Every structure is written in structure tokens, then in C-alpha cells.
Amino acid sequence: MSVVIATLGERKELLRQAIDSILGQKDAAGQPWPVELLVIIDRRAQAPGTGAAPATSGAAERAELPTFEDVVVPEGSSLRVMPNARTRGLAGGRNTGIVAASHPLMGFCDDDDSWLPGKLAAQVALAHAHPDSVGFGGTVVVRTEGKDIVKATPERVRFAELLRSRVHELHPSAMLYRRQALLGSVGLVDEELPHGYGEDYELLLRMAREADIISATEPIIRVLWDRPSYFDAGWRNMAEGLSYLLRKFPEFEQDPVGLARIAGQVAYAHAALGERKAALAWARSALRRDPKQLRAWAALVVAARLLPAATLLKIVQRSGHGL
């Protein structure tokens with residue numbers, strides 16, 4: 001089993017918890033699960049006003065990598081720390097790990113999430129039971145404002161259902177993949193997606209187009225919802241990333257409700273940016289396909305300056321959902 005954590009390496013306490021939760025996985029007999037853990041450290045942010053990564057030699061970059069000498073690595077497992085060798089950001093970091101990994105099954109984990117006991121045992125059993133599927137999820141526990149919200153995942157998610165809904169329960173830290181599919185028929189994480197926005201959803205769409213995604217019903221990961229991600233995108237990133245997604249997947253035209261959902265998100269992003277004309281155009285496009293699309297109505301509220309975008313977003317996040 002190979003696992004990739006793509007990180008800047010600065011949230012050391014949370015990163016350590018993620019590492020321990022992965023190396024602490026046990027099989028059905030209670031024995032440590034052999035894990036190849038790859039921690040990929042992303043390159044530093046570019047200097048202001050430049051479009052390139054800082055000029056850092058390979059040796060100097062390796063010297064900056066964090067070390068985890070005090071981590072207990074069970075017999076049969078390994079822990080490697082590597083620099084991101086590809087495009088700066090989450091997609092490049094994960095792809096660096098996919099290429100460097102050696103096991104047929106692999107998963108990702110964000111540095112502020114943790115795997116719950118039994119995750120690998122449950123998902124590997126699913127992988128054996130469903131040889132035609134290439135992706136496997138599970139129920140997620142979201143920690144927000146001091147309380148846990150259990151987000152049960154559908155046992156089977158089809159491509160058409162992902163067009164209709166993001167299915168947020170299919171969290172990237174919960175997913176298990178067949179590595180050969182990532183290297184072949186499905187493909188790597190899309191590094192051309194603008195700002196990397198929605199890269200996990202884009203990958204799920206390609207995976208579900210290949211075969212249904214199968215999920216464990218028991219909780220398998222805990223996600224810290226309140227903490228901002230180092231790879232979070234802003235409103236501009238959302239607008240450009242989701243517009244790219246619509247161009248890449250013309251199948252959205254087959255589902256007006258799903259297309260309206262994405263258009264509503266783009267409308268809201270433009271409204272948050274103060275781009276009223278674009279917001280109104282996208283909102284009209286969404287509501288023409290689905291008059292009940294709440295994101296589009298929310299965009300109109302923000303575009304009319306009746307409520308700030310940040311305030312409305314916080315209200316939605318408190319419910320344990322995303323906009």
C-alpha cells in the first residue's frame with residue numbers, strides 16, 4: 001500500500017498526526033499494515049511579482065526537507081520525504097508521489113486530516129471484492145467548531161451522479177485508487193487545471209467515467225473543516241477552475257441540474273469579486289437550467305450587495321457543507 005501526503009511541511013503538528021494515523025493502520029488480525037508513505041514537500045511560493053519558482057538547487061532543496069527521525073515506522077513499512085518534482089501545488093505534489101510509489105493500491109491524505117483505524121482494512125477488502133472499480137471511498141467525519149459531523153458516503157457513485165452533485169463525501173483523503181489506472185486509463189491529477197481548483201473532483205469524474213466508485217459505509221477519516229488549506233483557492237481561482245471543468249467535460253450538457261450547479265458556483269465567485277456583469281450572466285445561465293439552484297440565487301444576493309460573500313460563505317460552512 002502506497003500513501004502520498006502532499007504538503008508545504010509547515011503544519012508540523014498536524015502533519016505528524018496524519019503520518020501517525022497512516023502508519024498506525026492495522027489489518028484484520030491487528031497487525032501493522034505495511035505502508036509505503038511518501039511525504040511530498042511542495043516548493044516554496046514564488047517571489048512577489050514573478051511567475052517562476054525560486055532558483056533553488058536540488059541539493060539545497062533536499063537539505064530543507066523536514067525529517068521525522070522520531071516517527072515509529074512499523075516493520076514492513078517505510079517513510080520517505082521528497083521534494084515536489086513537478087508543477088508547484090497539490091496536483092504536482094500528488095503526481096510526484098504517484099510516479100514514485102511502487103504498490104498497486106494507493107491513497108492520498110491532506111496534512112490536516114487523519115485516517116481512522118480500520119480504513120485500509122475496509123477499503124482493501126472493497127478493492128478485492130470489486131476488481132473492475134478503480135476508486136474506493138468511505139464515510140467521513142468532519143470536525144468543525146468543536147463538534148463532529150458524520151457524512152455518510154453512498155456505497156456506489158456513478159458518473160451521472162457526479163455530474164449532478166460533487167458528492168462531497170468522496171473526500172480526497174478518504175479515497176483509495178488503483179495506481180495503474182492513475183498511470184494509464186484514468187490519468188494523473190490534472191496539472192493544467194487553473195490554480196488546481198477542484199482537482200479532486202476532476203479526478204473523480206474521470207475515475208467514475210471509467211467505473212463506478214465503491215465506498216465503505218463505516219467512518220474512515222477525520223477532516224478538520226475549520227483550518228484553511230495551504231492549497232485553498234480564492235474566488236478568481238474558483239471561477240477559472242470551474243469554467244475549465246465545464247469545457248473539459250461536455251457531458252455536463254446532458255444534465256441541466258448539474259451544469260446549473262457549476263454555473264451557480266461560477267456566478268457566486270464573480271459576485272464575490274465584484275464582477276456584477278459576469279455574475280448576472282452566469283446566474284441567469286444557471287437559473288435557466290434549474291430555477292431552484294441556490295448558488296445562483298446567492299450570487300444575485302451578493303451581486304446586489306445585500307450580503308457580503310464572506311458572511312454568506314461562513315453561514316454555509318457552519319452547516320458542514322461547501323458552497
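**Exercise 1. Strand 6 and its partners**

In strand 7, which residue is the bridge partner of Val141? Then work out how strand 6 is paired with its neighbours.

*Solution.* Keep in mind that you're looking at a predicted model.

- Step 1: Go to strand 7, where Val150 is the bridge partner of Val141.
- Step 2: Look at the pairing around that bridge. Strand 6 (residues 135-144) and strand 7 (residues 147-151) run antiparallel, and 5 bridges join them.
- Step 3: Check how the chain gets from one to the other. These two strands make a hairpin with 2 residues between them, and Glu145 in the turn has a positive phi of about 50 degrees.
- Step 4: Now find strand 10 (residues 213-224), which runs parallel to strand 6 and is joined to it by 8 bridges. Here Val142 stands opposite Val223.
- Step 5: Add strand 9, which is antiparallel to strand 6, with 2 bridges between them. Gly135 has Tyr177 as its bridge partner there.
- Step 6: Finish with burial. Of the 10 residues in strand 6, 9 are buried, so the strand is mostly covered.

**Exercise 2. A pair of rings**

Tyr177 turns up again here. Describe the aromatic pair that Phe108 and Tyr177 form.

*Solution.*

- Step 1: Know what to look for. A pair of aromatic rings is described by the distance of the centres and the angle of the planes.
- Step 2: Count the pairs: the structure holds 2. In one of them, Phe108 and Tyr177 sit 5.1 Å apart, centre to centre, with 45 degrees between the planes.
- Step 3: Classify it. An angle under 30 degrees would be stacked and one over 60 edge-to-face, so 45 degrees counts as tilted.
- Step 4: Place the rings in the chain. Phe108 belongs to strand 4 (residues 105-108) and Tyr177 to strand 9 (residues 176-178); at 69 residues apart, the pair links distant parts of the chain.
- Step 5: Check burial: both Phe108 and Tyr177 are buried.

**Exercise 3. Around Trp115**

Is Trp115 buried or exposed? Describe its surroundings too.

*Solution.*

- Step 1: Find Trp115 in strand 5 (residues 113-115).
- Step 2: Compare its relative accessible area with the cut-off. The value is 3%, and buried means under 20%, so Trp115 is buried.
- Step 3: List some contacts from beyond four places in sequence. Among them are Val3, Ile22, Phe108, Leu120 and Ile221.
- Step 4: Look for polar atoms. A polar atom of the Trp115 side chain lies 3.0 Å from the backbone oxygen of Ser173.
- Step 5: Look at the ring face. Lys119 lies over it, 3.9 Å from the ring centre.
- Step 6: Compare sequence and space. Ile19 is 96 residues from Trp115 along the chain, yet their C-alpha atoms are separated by 9.0 Å.

**Exercise 4. An enclosed helix**

Why is helix 3 (residues 90-100) largely enclosed by the rest of the structure?

*Solution.*

- Step 1: Count the buried residues: 9 of the 11 in helix 3, and that's why it counts as largely enclosed.
- Step 2: Name some of them. They include Leu90, Arg94, Asn95 and Ile98.
- Step 3: Ask what does the covering. The list includes strand 1 (2-7), strand 2 (36-41), strand 3 (78-83), strand 4, helix 6 (179-183) and helix 7 (199-210).

**Exercise 5. Where to be careful**

Which stretches have a pLDDT below 50?

*Solution.*

- Step 1: Start with the whole chain, which averages 89, with 88% of the residues at 70 or above.
- Step 2: Pick out residues 45-57, where pLDDT is below 50. Residues 229-233 are below 50 as well.
- Step 3: Draw the lesson. Where pLDDT is low, don't read the predicted coordinates in detail.

Note on methods
Residues numbered from 1 in each chain as written. Predicted model: local features only at pLDDT ≥ 70, side-chain atom pairs only at ≥ 80, totals over all residues. Heavy atoms only, no water. Phe/Tyr/Trp six-rings, centres within 6.5 Å; stacked < 30°, edge-to-face > 60°. Helix = DSSP H or I, 4+ residues; strand = E, 2+ residues; numbered from the N terminus. Buried < 20%, exposed > 50% of the residue type's maximum accessible area, 1.4 Å probe, protein only. Lys NZ or Arg CZ within 6 Å of the ring centre and 35° of its normal. Contact = heavy atoms within 4.5 Å. Pairing = 2+ DSSP bridges. Polar contact = N/O pair within 3.5 Å; in protein donor to acceptor, adjacent residues only side chain to side chain. pLDDT = per-residue confidence, 0-100.
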